[in-house]
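This briefing is meant for a reader who is meeting the structure for the first time. Please look over the sequence and the model before reading on.

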Amino acid sequence: MLELQGLTRRFGAVTAVDDVRLVIPDGQMVGVIGRSGAGKSTLLRMINRLTEPSEGHILYGGQDVTALRGAALRRWRTDCAMIFQQFNLVQRLDVLTNVLVGRLNHRPGVMGTLTSLLKMFTAEERAMAIRVLDRFDLADTALQRADTLSGGQQQRVAICRALLQEPKVMLADEPIASLDPRNAKVVMDALRQVNREDGITVLTNLHHLDTARQYCDRIVAMQAGRVVFDGTPAELTSQRVRDIYGVSEDEFEDSAEEAPARPHPARTRLAVA
Amino acid sequence: MALARPTEAEIAALRSRMPRAFGASTGTRILGAVAWSASIGWIIALLWWFGFSPTRIWNGLSGLGTIIVLMIPPSPGELWMEILKGIAESVAMAFLGTLIAAIVAVPLGLLGAGNVITSTLAHFSIRRVFDGFRGVDQLIWALAYVRAVGLGPLAGVLAIATADIAVLSKLYAEAIETAEKRQAEGIDAVGGGRLLRTRFGLLPQVWPVMLAQALYFFESNTRSASILGVVGAGGIGLQIAERIKVRHWDEVAFIIILMIATVAVIDLISARIRARLIGRREGAAVQ
């Protein structure tokens with residue numbers, strides 16, 4: 001169970017995430033929606049501590065994740081995989097190595113680090129990587145450089161890398177915002193598969209309400225850093241969207257799409273305000 | 001969530017399906033081993049040829065130690081003004097030489113860029129001429145110019161300029177080749193000619209790179225200009241060489257410290273200039 005208690009993040013005078021309280025049971029697929037600058041990315045990045053919270057606590061299975069440092073923090077990041085909007089693969093490495101990177105924190109000791117530095121992965125690890133790639137029809141690309149793949153393929157490689165971490169939670173920060181509709185579907189299907197078959201809790205930021213309704217068990221809507229809706233897809237009717245955001249659903253999605261990829265959360269917030 | 005561990009049989013099956021994913025082929029491995037042992041063998045052979053031995057290096061270090069002891073404390077000696085004049089001359093030589101090279105290299109760089117001169121033959125031969133000139137070191141040019149125009153800084157300036165024209169032209173040509181085609185296409189599309197396309201489509205993209213490289217060269221030439229004096233091409237080098245001959249190491253140390261300070265100042269100023277000219281993106285347009 002992942003629990004967020006009063007999670008807050010300020011950038012200077014701007015409060016990007018404001019007192020968010022959520023309890024997410026294991027195995028749930030949660031969609032976080034909201035317009036650009038609503039604080040979705042910051043919220044997700046705080047959960048695996050790529051961004052430090054200003055206030056509040058993150059608990060997983062009763063353990064306070066907010067207090068972790070050093071090796072314990074890295075262990076938490078391994079448990080809590082991250083999928084990025086721009087995939088964040090190492091472009092010049094081949095697909096197989098990119099996936100094997102997911103094992104790095106599973107290779108303990110000096111020998112583990114040394115063999116990792118020399119890219120000496122075991123046959124078992126390589127077999128695991130190929131099997132995961134196989135699940136998403138990517139095994140044929142294993143020896144190609146990552147930058148030769150399409151965006152949809154790269155995002156699936158990123159999911160494979162995350163799976164090799166053997167995580168309990170998977171965070172996906174706008175995983176399909178850089179993809180065309182067909183690839184977006186393939187990637188969302190992959191995330192659902194990860195959730196259903198591997199039992200991994202998935203927390204994903206989305207700006208398409210339809211995608212969120214179609215794939216998620218639960219939808220959390222954010223506005224100006226606050227959670228303004230938390231319920232099932234069926235409860236998030238067009239009327240509810242209008243009540244929350246003061247615009248129709250189409251207008252909501254237009255405004256979400258117009259916003260550029262966010263270089264700095266504070267700046268994007270100001271642009272919206 | 002834990003992934004199922006593959007069994008030995010499954011690993012074997014995957015290995016036979018994608019052998020390359022489990023490591024390089026035997027042939028590649030052997031080739032790699034041969035390449036490694038050959039390079040290690042070569043390095044050992046070279047060390048043996050040059051008579052490297054720990055004792056020689058150790059003795060050399062103690063010799064170096066003696067020199068350093070002689071350097072302390074650094075002293076300007078009695079020829080203060082001579083030293084300052086020498087350093088000023090070195091800086092001036094480096095400045096003039098680099099300036100000439102940087103200016104001449106702009107048209108040459110354009111000629112050497114494959115996206116400006118589209119004729120492969122012309123572009124290829126121009127590049128080879130650059131390569132030829134680059135094969136000759138500054139010091140050789142300096143020796144030649146000393147014979148040609150006589151002792152003094154003029155020979156040094158010409159040596160710096162000649163040697164750098166070739167290098168800068170090549171660097172400029174490469175910078176121009178990495179420029180974006182679309183921006184130049186925009187100029188083509190308004191009906192601009194070749195010259196105007198180069199002026200508006202290419203130069204604005206590459207000139208900050210050109211300037212940055214020229215400034216680096218100025219800094220590095222200030223250092224190398226100190227050596228040109230040894231062969232009589234002006235600058236502080238002659239004074240260093242003379243002092244080493246008569247073992248006035250304290251004065252050599254003084255000159256070296258002064259040189260380091262000079263280069264540091266030049267580096268500081270050029271870093272400022274680079275930051276101002278290259279970093280100017282918000283608002284103010286350049287050229």
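Which residue in β7(A) is the bridge partner of M82(A)? The partner is L171(A), and this pair is a convenient place to enter a model that, it should be said at the outset, is predicted. The points below take up the sheet of chain A, then the contact of chain A with chain B, and then a pair of helices in chain B.

**The sheet in chain A**

- In chain A, 6 strands form an open sheet with mixed pairing, and their order is β6-β7-β8-β3-β9-β10.
- The edges of this sheet are taken by β6 (80–83) and β10 (226–231) of chain A, and because each has a single partner strand, one side of each is left without a neighbour in the sheet.
- On average, and with direction ignored, neighbouring strands of this sheet are turned by 20° against each other.

**Two parallel pairings within the sheet**

- Strand β6(A) runs parallel to strand β7 (residues 169–172) of chain A, and 4 bridges join the two.
- In a regular strand, side chains alternate between the two faces of the sheet.
- Both faces of β6(A) are covered, since C80(A) and M82(A) on one side are buried, as are A81(A) and I83(A) on the other.
- Strand β3 (residues 29–33) of chain A pairs with strand β8 (residues 201–205) of chain A in the parallel sense, over 4 bridges, and within β8(A) it is N205(A) that stands opposite V32(A).

**Where chain A touches chain B**

- The contact between the chains involves 16 residues of chain A and 13 residues of chain B.
- On the side of chain A that touches chain B, helix α5 (residues 123–135) of chain A gives the most, with 7 residues.
- Sorted by class, that side of chain A has 9 nonpolar, 1 polar and 6 charged residues.

**A helix pair in chain B**

- Helix α6 (residues 138–149) of chain B packs against helix α7 (residues 153–177) of chain B at an angle of about 140°, with the axes 8 Å apart, and α6(B) is therefore oblique to α7(B).
- The crossing in which α6(B) passes α7(B) is right-handed.
- Residues of α6(B) in this contact include W141(B), Y145(B) and V149(B), while those they meet in α7(B) include L154(B), L158(B) and T162(B), each named here as part of a longer list.
- By class, the contact of α6(B) with α7(B) has 11 nonpolar and 3 polar residues, and no charged residues.

Note on methods. Residues are numbered from 1 along each chain as its sequence is written. Chains are lettered from A and ligands numbered from 1 in the order in which they are written. This is a predicted model: local features need pLDDT of at least 70, side-chain atom pairs count only at pLDDT 80 or more; totals for chains, interfaces and linings use all residues. Two strands pair if DSSP finds at least two bridges between them. Axes are lines fitted to C-alpha atoms, for helices over the stretch in contact, and angles run from 0 to 180 degrees between N-to-C directions. A residue is buried if 20 or more other C-beta atoms lie within 10 Å of its own, exposed if 12 or fewer, and partly exposed in between; C-beta atoms are placed from the backbone. Two residues are in contact if their C-beta atoms, placed from the backbone, lie within 7 Å. Ala, Val, Leu, Ile, Met, Phe, Trp, Tyr, Cys and Pro count as nonpolar, Asp, Glu, Lys and Arg as charged, and the others, Gly among them, as polar. Angles under 35 degrees count as roughly parallel, over 145 as roughly antiparallel, 65 to 115 as roughly perpendicular and the rest as oblique. A crossing is left-handed if the near helix is turned anticlockwise from the far one by less than a right angle, and right-handed if clockwise.
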